[in-house]
Amino acid sequence: MNCRICDSTNLELAIDLGQQPWCNHFLKREEVGQEPFYPLRVLFCHHCATAQLDYTVAKEIMFGDHTYLSGVTQSLSAHFKKIASEVDERFFQQAPGKSVLDIGSNDGTQLKHFQALNYDVLGVESSKGTARIAQAAGVPTLNEFFNFEVARRLGRKFHVINAAGVFFHLEELHSVTDGIREALREDGVFVVQFLYMKRIVDNLAFDQIYHEHLLYYNLQTIETLLNRHGLALFDAWLSPIHGGSMIGFITHQSRQAPPSERLQKLRQQEAAEKSNELATYLKFAGRIQQMKVDNLAYLAAARNRGKRIFGLGAPVKGNTLLNYFGIGRQYLDCLVEKNELRRGLFSPGMHLEVLIEKELTQLPDIYYVLAWNFKKEILANNQPLLERGVEFYFPVDPQEISA
Ligand SMILES: [Zn+2]
């Protein structure tokens, strides 16, 4: 294959997570056992250092009908509010007729925060059901896959373009990036929010690897992509959201904004810790193996002591972990989730039933926390359970990010 960023054919296998089902599709009872499996492998590009999947599940399958809602989680909504405030205060507080385009706008959570700051907003969201939820909430939303053609058709330019958690999904990577350049005003700012691969490696958060995530960026690699399309990063900071997300600020390359001090520091860290080298990824793969051994030993010991264990959360990423570790009904009775769209569905591959938290009739002895990225919120919301002795086990437990 060719590298998704630089077209090089000089790629090498770094991490092999075996055959995995398409993890975003929770199964109806009649679909259990019918789900297809695809290879889940991360390759390293020797030319531009981008980590990426070699196998692409068609985007119409992956994003036509997803059931992830960003508004369900309080900490995510608070994060989006912070981003809107930062962008407004730093760049456009006084701008007349300010506008924002959100790519992969989900249920409109991010855009509502911009509306509150008097922005004219537009969302582009590929999932029909999710786009409808946003529309009903008063957030103008196009039900489309954003790309260069869509940007041309819109025929307008925006002060702010935001793309949160979508940049690694993009199969039409180059068309989408061209579309962003096309729709961005000359003085506009593009805000990209992406899972930071260096953090994934540091924290052993390998469950962030799944078919929807075709690309795994560090700063060096996303800058390669942006520069190729006439865009340039001038500032970035690391947020604790999703266990470690990079928030990057980008302008047209022609404006040549000098890189901020904190961006330069982050770049230096990547270089010092060899984050863009194959050896680092191979070491990561070895640590994931060891983690599997440790987790299965913990679960088996707990089961042998007669403990009742439920999975907490039914996040998409949890399926990578469950399938790679081989954690099914022999360890977990069910997955417990807030998002009612997943009520009564079964996890792909491992076939664990999803129950809704407020409808539980019995409590577990142990919660095996798949939604580990919301650790603070989970522990805060579950004080009564903790006091009753329910244990919360976090298979992935990222280091804190100092603000
Ligand atoms: Zn490459």
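The lining of the second largest pocket mixes 13 nonpolar, 9 polar and 11 charged residues. (Ala, Val, Leu, Ile, Met, Phe, Trp, Tyr, Cys and Pro count as nonpolar, Asp, Glu, Lys and Arg as charged, and the others, Gly among them, as polar.) Keep in mind that this is a predicted model, where local features need pLDDT of at least 70, side-chain atom pairs count only at pLDDT 80 or more, and totals for chains, interfaces and linings use all residues. Residues are numbered from 1 along each chain as its sequence is written, and side-chain values use heavy atoms, with hydrogens and water left out.

**The second largest pocket**
- This pocket has a volume of about 1000 Å³.
- Of its 33 lining residues, Ser239, Pro240, Ile241, Glu400 and Ile401 are the closest to the centre.

**The zinc site**
- Cys3, Cys6, Cys45 and Cys48 each hold out an SG atom as a protein donor to the zinc ion, at 2.2 to 2.3 Å (donors are N, O and S atoms within 2.8 Å of the metal, or 3.2 Å for Na, K and Ca).
- Along the sequence, these donor residues follow the spacing C-x2-C-x38-C-x2-C.
- The site is tetrahedral, with angles of 103 to 112° among the 4 donor atoms of the zinc ion (four donors count as tetrahedral if all angles lie between 85 and 135 degrees).
- Ideal angles for four tetrahedral donors are 109.5 degrees.
- Cysteine 45 is buried, at 0% relative accessible area, and cysteine 48 is buried too, at 7% (buried means under 20% relative accessible area, with a 1.4 Å probe and protein chains only).

Conventions: Tetrahedral: all angles 85-135°; square planar, octahedral: opposite > 155°, others 65-115°. Buried < 20%, exposed > 50% of the residue type's maximum accessible area, 1.4 Å probe, protein only. 1 Å grid on protein atoms, 1.4 Å probe; cavity = no way out; pocket = protein on both sides within 12 Å on 5 of 7 lines; lining within 4 Å. Points joined across faces, edges and corners; volume = space filled by probe spheres on them.
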